[in-house]
Amino acid sequence: MIVVAGEALIDLVPRGTGALAALTPALGGGPYNTAVALGRLGSPVAFCSRVSRDAFGEALLDRLRETGVDVSPVQRGSEPTTLAVATVGTDGSAAYSFYVEGTADRLFRTPAALPSGTRAVSFGTCSLVLEPGASAYEELMRQSAARGLFTALDPNIRAGLIADPDAYRARFKSWLPSVALLKLSAEDAGWLGGTPREWLAAGPAAVVVTRGAAGLSVFTRDGGEYTVPGERVDVVDTIGAGDTVNAALLHGLAARDALTPRALAALGPDGWAELLGFAARAAALTCSRAGAEPPYAHELAG
């Protein structure tokens with residue numbers, strides 16, 4: 001079982017150009033997309049979050065159930081669902097503004113236990129920024145690492161939500177001793193400062209950096225560095241692409257029984273090339289369709 005911990009929200013995606021383009025609601029949130037992607041790939045997965053009882057919240061949970069995601073760890077609240085308004089650039093890249101005051105996912109509390117059979121826990125995005133929930137997710141991260149669970153972090157920076165960038169950067173560094181796999185985009189890396197080698201020295205066994213069409217690279221604690229190119233595709237938008245990479249990495253590691261730091265170190269060039277290539281193909285399929293629509297396992301077979 002892979003547990004994905006973090007927010008579920010509604011993306012309002014423009015269907016046209018200009019500030020007043022019609023907005024279409026889409027189910028989203030970085031951790032939510034990761035859970036859906038894992039379910040579509042066939043991994044046993046659970047979602048750990050706090051979700052509103054409003055109509056959006058019910059729709060979010062319905063999709064998780066339909067995808068085979070265990071929603072038993074989900075907490076519920078009467079507060080509204082977080083909204084993220086997306087702006088899609090001419091190259092398909094997405095930027096966001098958020099409506100988060102008084103929303104349900106901010107009030108997440110650290111659970112007393114995770115589902116039986118949990119081997120890995122994935123964290124990231126807004127859930128690690130917005131208090132008081134951020135401290136609860138942070139506590140869960142530290143607890144999970146202390147229990148020997150495999151922990152993955154995708155910070156997925158949303159700079160508009162971070163009131164004190166320097167404080168967040170310091171907090172990010174404090175998480176690294178509790179992280180086995182760090183995955184982030186080149187843009188995230190630039191915003192955070194530091195280098196993969198510096199982050200590896202603080203704790204993670206591997207750091208994966210995504211570079212959009214330029215592909216993915218992994219840096220390992222033993223000095224390894226491996227890169228695969230991106231898959232060529234007609235990009236509709238990039239919504240959910242990074243979350244798909246996150247899920248593909250976790251799914252591939254689970255399939256190789258490699259959800260431990262020691263197993264990560266043993267993958268070697270061929271193992272990493274295969275895993276990164278799988279993640280690149282999965283992300284390309286997500287980019288080829290509108291919104292966060294990660295691929296199913298059968299679409300990546302062969």
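Biologist: Which residues in H7 are buried?
Modeller: Happy to go through them, keeping in mind that this is a predicted model. Buried here means under 20% relative accessible area. In H7 that applies to Ala-241, Asp-243, Thr-244, Val-245, Asn-246, Ala-247, Ala-248, Leu-249, Leu-250, His-251, Gly-252 and Leu-253.

Biologist: Why is H7 described as largely enclosed by the rest of the structure?
Modeller: The helix has 15 residues, and its enclosure follows from how many of them are buried. H7 is largely enclosed because the buried ones number 12 of the 15.

Biologist: How far apart are the end C-alpha atoms of helix H7?
Modeller: Helix H7 covers residues 241-255, and at 1.5 Å a residue its 15 residues should span 21 Å. The model agrees with that expectation, as the end C-alpha atoms are 21 Å apart.

Biologist: Which residue just after H7 takes a positive phi?
Modeller: The place to look is just after H7. There, a positive phi of about 55° belongs to Asp-257.

Biologist: What parts does the pair of Phe-172 and Trp-199 tie together?
Modeller: These two rings meet edge-to-face, 5.9 Å centre to centre with 90° between the planes, and both residues are buried. Phe-172 lies in one helix and Trp-199 in another, so the pair ties together parts 27 residues apart in sequence. Those parts are helix H4 (residues 165-175) and helix H6 (residues 196-202).

Biologist: The charged end of Arg-169 sits over the ring of which residue?
Modeller: The ring belongs to an aromatic cluster that includes Tyr-168 and Trp-175. The charged end of Arg-169 is 4.2 Å from the ring's centre, and the residue is Trp-191.

Notes:
Residues are numbered from 1 along each chain as its sequence is written. This is a predicted model: local features need pLDDT of at least 70, side-chain atom pairs count only at pLDDT 80 or more; totals for chains, interfaces and linings use all residues. Side-chain values use heavy atoms; hydrogens and water are left out. Helices (H or I, at least four residues) and strands (E, at least two) are DSSP runs, numbered from the N terminus. The expected span of a helix is 1.5 Å times one less than its number of residues. Buried means under 20% relative accessible area, exposed over 50%, partly exposed in between (1.4 Å probe, protein chains only). Rings of Phe, Tyr and Trp (its six-membered ring) pair if their centres lie within 6.5 Å; planes under 30 degrees apart count as stacked, over 60 as edge-to-face and the rest as tilted. A charge sits over a ring if NZ of Lys or CZ of Arg is within 6 Å of the ring centre and within 35 degrees of the ring normal.
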